[in-house]
Amino acid sequence: MDLPHVNWNYPTAIKVGPGRISELPEHCAALGMKRPLIVTDPGIAALPMVEQAATACRAAGLGCSVFHEIKGNPTGRNVEAGVAAYRRGGHDGVVAFGGGSALDAGKAIALMVGQDRPLWDFEDVGDNHMRVKVEGMAPVVAIPTTAGTGSEVGRVAVIMDEDARLKRLIFHPRVLPAIVILDATLTTGLPPSVTAATGMDALSHCLEAYCSPFHHPMAAGIALEGMRLVNHYLPRAVADAGDLAARHHMLVASCMGATAFQKGLGAMHALAHPLGALYDAHHGLLNAVLMPYVVQANAHALQAPLAALARYLALPGASAEGVQAWILELRERIGIPHTLADIGLHDGDADLVGRMAQADPSAGTNPVAFDAAQYAAIFRAAIAGRADARVAPDPR
């Protein structure tokens with residue numbers, strides 16, 4: 001099928017279509033960049049696509065260098081090192097290029113280059129974002145190379161506070177990149193395991209946003225269509241690394257998930273954030289494994305919306321149970337492990353995880369108000385593989 005080149009402006013300017021990475025120099029120039037800093041991770045930095053992008057920028061008369069000192073779960077120290085590289089190179093904008101870690105780090109670096117407060121002063125608590133010196137923020141072009149986090153259209157950067165062993169959400173409306181390039185050619189060739197984990201992360205964003213009790217019909221509609229795209233295209237993308245159409249639609253689904261979760265997230269992310277901080281585990285894989293356990297725990301409060309979702313996806317069972325069966329079948333089909341124990345986690349920290357999950361900002365928009373003990377019970381169920389375990393406090 002022919003994949004068109006189109007321009008979208010919701011929630012930001014999005015340049016969609018194969019090969020549009022070639023437009024990077026003109027988009028940098030449109031934002032006033034003369035010396036962009038490409039922020040990526042070590043794995044992506046070693047691939048030809050990054051050097052090709054940098055070379056194209058230089059050929060267009062832009063000074064350009066690459067910063068790649070970023071962990072899989074980017075840390076405050078990574079951001080500090082990126083800010084130092086930005087200032088040392090006299091840069092005037094950021095190209096965030098890669099998976100969720102590079103996108104989040106790039107956005108945080110662009111925020112921090114003009115601030116005189118420490119990073120954690122801008123955590124998404126209360127009105128902390130009002131402390132930001134907006135005039136000091138650098139413009140950002142975001143280029144995702146995985147289809148999962150959707151961080152390219154997010155107003156938050158998720159950064160690890162290593163000293164506190166916490167993931168913190170750094171928020172400001174202007175953290176949202178000014179221009180996004182969705183080019184599926186950059187995602188072909190990803191290993192099946194990475195494609196599966198990141199694709200399930202996109203699904204987790206759509207599903208939790210759809211189930212959030214907040215009223216945001218536009219986000220709910222986007223989430224529904226995002227889940228339809230994942231259902232149809234994720235198995236294809238996992239099976240064939242070169243299926244450009246499947247890669248294209250998964251990039252779109254990822255972008256839609258992060259657009260939709262302005263409506264809120266939920267217990268999957270409330271658990272995945274502390275688990276990522278404590279175990280340095282892959283965020284998308286954590287959400288993928290946690291998904292059926294959280295759906296089961298929430299199901300008594302979600303019978304009607306999950307039945308509607310099942311009808312939209314044309315599942316055999318138009319019910320919450322039908323959605324749960326679909327999730328389990330999809331995970332098995334694309335090779336997602338069934339339990340957290342399968343990825344090396346244990347329940348020795350269950351009580352701590354429960355307390356951290358209850359305090360996580362994502363818990364505030366879960367359809368059920370779990371307490372720390374109930375979060376710990378969901379975690380233990382995910383360790384043991386009890387997808388039918390019931391945690392049933394009163395709905396909100």
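**Close-up 1. α4 and β7 help to line the second largest pocket.** In this predicted model, α4 (76-88) and β7 (156-161) each bring at least two residues to the lining of the second largest pocket. α4 gives the largest share, with 6 residues.

**Close-up 2. A look into the second largest pocket, with a volume of about 250 Å³.** Count around the wall and you get 17 lining residues; Gly76, Arg77, Glu80, Leu119 and Trp120 are the ones nearest the centre. What sort of residues make up the lining of the second largest pocket? They split into 7 nonpolar, 3 polar and 7 charged.

**Close-up 3. Helix α3, end to end.** Helix α3 takes in residues 48-59, 12 residues in total. At 1.5 Å a residue, α3 should span 16 Å, and its end C-alpha atoms are indeed 16 Å apart, so the two agree. Just after α3 comes Gly61, with a positive phi near 90°.

**Close-up 4. The two sides of α3.** Which residues of α3 are buried? They are Met49, Val50, Ala53, Ala54 and Cys57. These five cover an arc of only 135° around the axis, which means they sit on the same side of α3. An α-helix has 3.6 residues a turn, so residues three or four places apart point the same way. Over on the other side of α3, Pro48, Gln52 and Ala59 are exposed.

**Close-up 5. What covers the buried residues of α3.** Several elements do the covering here, including the helices α1 (24-30) and α2 (42-45). Strands join in too, among them β3 (36-39), β4 (65-67) and β5 (93-98).

Definitions and conventions. Residues numbered from 1 in each chain as written. Predicted model: local features only at pLDDT ≥ 70, side-chain atom pairs only at ≥ 80, totals over all residues. Heavy atoms only, no water. 1 Å grid on protein atoms, 1.4 Å probe; cavity = no way out; pocket = protein on both sides within 12 Å on 5 of 7 lines; lining within 4 Å. Points joined across faces, edges and corners; volume = space filled by probe spheres on them. Helix = DSSP H or I, 4+ residues; strand = E, 2+ residues; numbered from the N terminus. Nonpolar A, V, L, I, M, F, W, Y, C, P; charged D, E, K, R; others polar. Expected span 1.5 Å × (residues − 1). Buried < 20%, exposed > 50% of the residue type's maximum accessible area, 1.4 Å probe, protein only. Arc of directions from axis to C-beta. Contact = heavy atoms within 4.5 Å.
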